[in-house]
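Student: Could we go through this structure together? I would like to learn how each label is earned.

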Amino acid sequence: MYSEKVMDHFTNPRNVGEIEDPDGVGEVGNPVCGDIMKIYLCIRDDVIVDVKFQTFGCGAAIASSSMATELIKGKTIEEAWAITNEAVVTALDGLPPEKVHCSLLAEEGIHKAINNYRIRNNLPPLPEEKRNDEDPTPAVDQR
Amino acid sequence: MDNAATTPVREEVAEAMRPYFSSRFGNPSSIYRIACESRDVIESSRETVAKAIGADADEIFFTSGGTESDNWALQGVARANAKKGSHIITSAIEHHAILHTARYLEKQGFPVTYLPVDNEGRLDPGAVEDAVTDTTTLISIMTANNEIGTIQQVQKIGSIAHDHGIPFHTDAVQAAGHIPLSVHDDAIDLLSLSAHKFNGPKGMGVLYIRTGTKIDNLLFGGGQEKKRRAGTENLPGIVGLATALDIAVRDQEKESGEIRKLRDRLIAGLLETVPYSRLNGHPTERLPGNVNISFEFVEGESILLLLDQEGICASTGSACSSGSHDPSHVLLAIGLPHALAHGSLRLTLGHGNTEKDVDTVLEAVPGIVEKLRDISPLYPGKEK
């Protein structure tokens, strides 16, 4: 049901853990829905030099978290903000339709952590687009 | 280790079925000799099934499986008694074949009471008594639960139903073949069972209907099954169901004793080796093969994926395995918080499972849970 890449990132997740004294932290999801992601950023001169995550969730949630951290590592804050869950799904060689919503966790986590960094540095937070949390099968193949 | 989902057809059962696919393929409704043979084997199969549950042969009706039997029992009894009343009593932890049929009937104007269960999944028979009204026409309570294995006090519930003159249906899909059943002793008027849960073929079930029970047909067409269930008989399926049930009942005492031992070792081993774990369901009044344990701070689908890599098949009550947002209605009904319901693992033992299988699971699970906890933001750490 999952691609080889998903299984690879699920069984050997990259960047797992915490960062002591992070420059930005974001926690999204809740135990009711069955997935929670916590993401830690270390930022130097607007560049994400290190990132770690912890995720409670299904295979798709863990693999998306891992892939998302890989995608934003070494990127500028602006570049990281622009990474969507679709980009994470593509990088994972796709997710089953009913699992695509799990990848939203990663996108929302990144946004929350970046805004946490901005607030700490007295910058106004960027608007976080809350995407449909209700529909478990969002826009992949909608006609 | 997922025998509650389905079981393999036993070799003896497949062997018994084989001639009825080709050489003895006659339609029982025809009049020539080959058709007579078909009729005879259907009737002897019916007797075998009747004997297994303490019924008479003419009270056994073959169906396409547990889902059809449940649909027929609920819709058929509700409709046949619509003039008398419309109220149905069931429980919050029934299989979806009951719950979704009940919800459909609610939309058709039949009020339904869904009785709660305690935190071990048991229904208080007194609550059934309290829920009865003048318009109650059916009580449907499962014999044993498919997720947590809890066995209900069917006999008590049945006699309450009979005291009030209300027909009592029980979904015995998980119980049949695995624990003793007697429609007579347990005051059961309708009982559903399904062949593939006791090493019989898929797509084959039975609805037992006590003589005199008012019930409408669900399927209309030909005059099969004494004009109660239309459709050409699934001859190999009927033979397979009867053979499998016969073997299951014959070996029940010995086999369930062995499986129960494996189950108890598995439960004790998991609770002992994995901290922050709890057993779901009743500690003793549970199906011989059912193990259901919640592990805190991890999610069930992740556990299943890692178990699958070790060659172990299991199931979970987590939402993420089903594509919905809510975890199992059964685990929520026994009062589990969402996070614990998402972290549940069901292992169901059956014919063919060995001590070695239990060892394999006991070796694999602690490491898998530990690995996932190391990724989890909820895990407080080993030392606590």
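Tutor: Gladly, and keep in mind that this is a predicted model. Let us start with a count: how many salt bridges are there between chain A and chain B?

Student: I find 1 salt bridge between chain A and chain B. What makes the meeting of Glu301(B) and Lys99(A) a salt bridge?

Tutor: Set the value against the cut-off. The side chains of Lys99(A) and Glu301(B) come to 2.8 Å, N to O. The limit is 4 Å between a side-chain nitrogen of Lys or Arg and a carboxyl oxygen of Asp or Glu, so this pair earns the name.

Student: How many residue pairs are in polar contact between chain A and chain B?

Tutor: The count is 8 residue pairs, with both residues at pLDDT 80 or more. Several elements of chain A supply at least two residues each to the side that touches chain B, among them α1 (4-11), β2 (35-44) and α5 (100-120). The largest share, 4 residues, comes from β3(A).

Student: Which class of residue leads on that side of chain A?

Tutor: Nonpolar residues number 17 there, beside 7 polar and 5 charged ones.

Student: How many residues does each chain bring to the contact?

Tutor: Chain A brings 29 residues and chain B brings 23. Together the two chains bury about 2,000 Å², with 67% of that on carbon and sulfur atoms. Phe10(A), Val32(A) and Phe56(A) supply 26% of the area that chain A buries against chain B, more than any other three residues.

Student: Now the empty spaces. Why is one space called a pocket and another a cavity?

Tutor: A 1.4 Å probe fits in a cavity but cannot get out, whereas a pocket is an open set of points, so the names separate closed space from open space. The largest pocket has a volume of about 690 Å³, while the largest cavity has about 300 Å³.

Student: Which residues lie nearest the centre of the largest pocket?

Tutor: They are His95(B), His96(B), Asn146(B), Glu147(B) and Arg346(B), out of 41 lining residues. By class, that lining has 22 polar, 11 nonpolar and 8 charged residues.

Student: And what lines the largest cavity?

Tutor: Its lining has 25 residues, with His178(B), Lys197(B), Ile259(B), Leu349(B) and Gly350(B) nearest the centre. Helix α9 of chain B, residues 252-273, gives the largest share, 4 residues. The classes in this lining are 14 polar, 7 nonpolar and 4 charged residues.

Definitions and conventions:
Residues are numbered from 1 along each chain as its sequence is written. Chains are lettered from A and ligands numbered from 1 in the order in which they are written. This is a predicted model: local features need pLDDT of at least 70, side-chain atom pairs count only at pLDDT 80 or more; totals for chains, interfaces and linings use all residues. Side-chain values use heavy atoms; hydrogens and water are left out. Contact means heavy atoms within 4.5 Å. Buried area is the accessible area (1.4 Å probe) that two parts lose on being put together, summed over both. A polar contact is a pair of N or O atoms within 3.5 Å; within protein, one must be able to donate a hydrogen and the other to accept it, and residues adjacent in sequence count only if both atoms are side-chain atoms. Ala, Val, Leu, Ile, Met, Phe, Trp, Tyr, Cys and Pro count as nonpolar, Asp, Glu, Lys and Arg as charged, and the others, Gly among them, as polar. On a 1 Å grid over the protein atoms alone, a cavity is a set of points where a 1.4 Å probe fits but cannot get out, and a pocket is an open set with protein on both sides within 12 Å along at least five of seven lines; lining residues have an atom within 4 Å of a point. Grid points are joined across faces, edges and corners, and a volume is the space filled by probe spheres set on the points.
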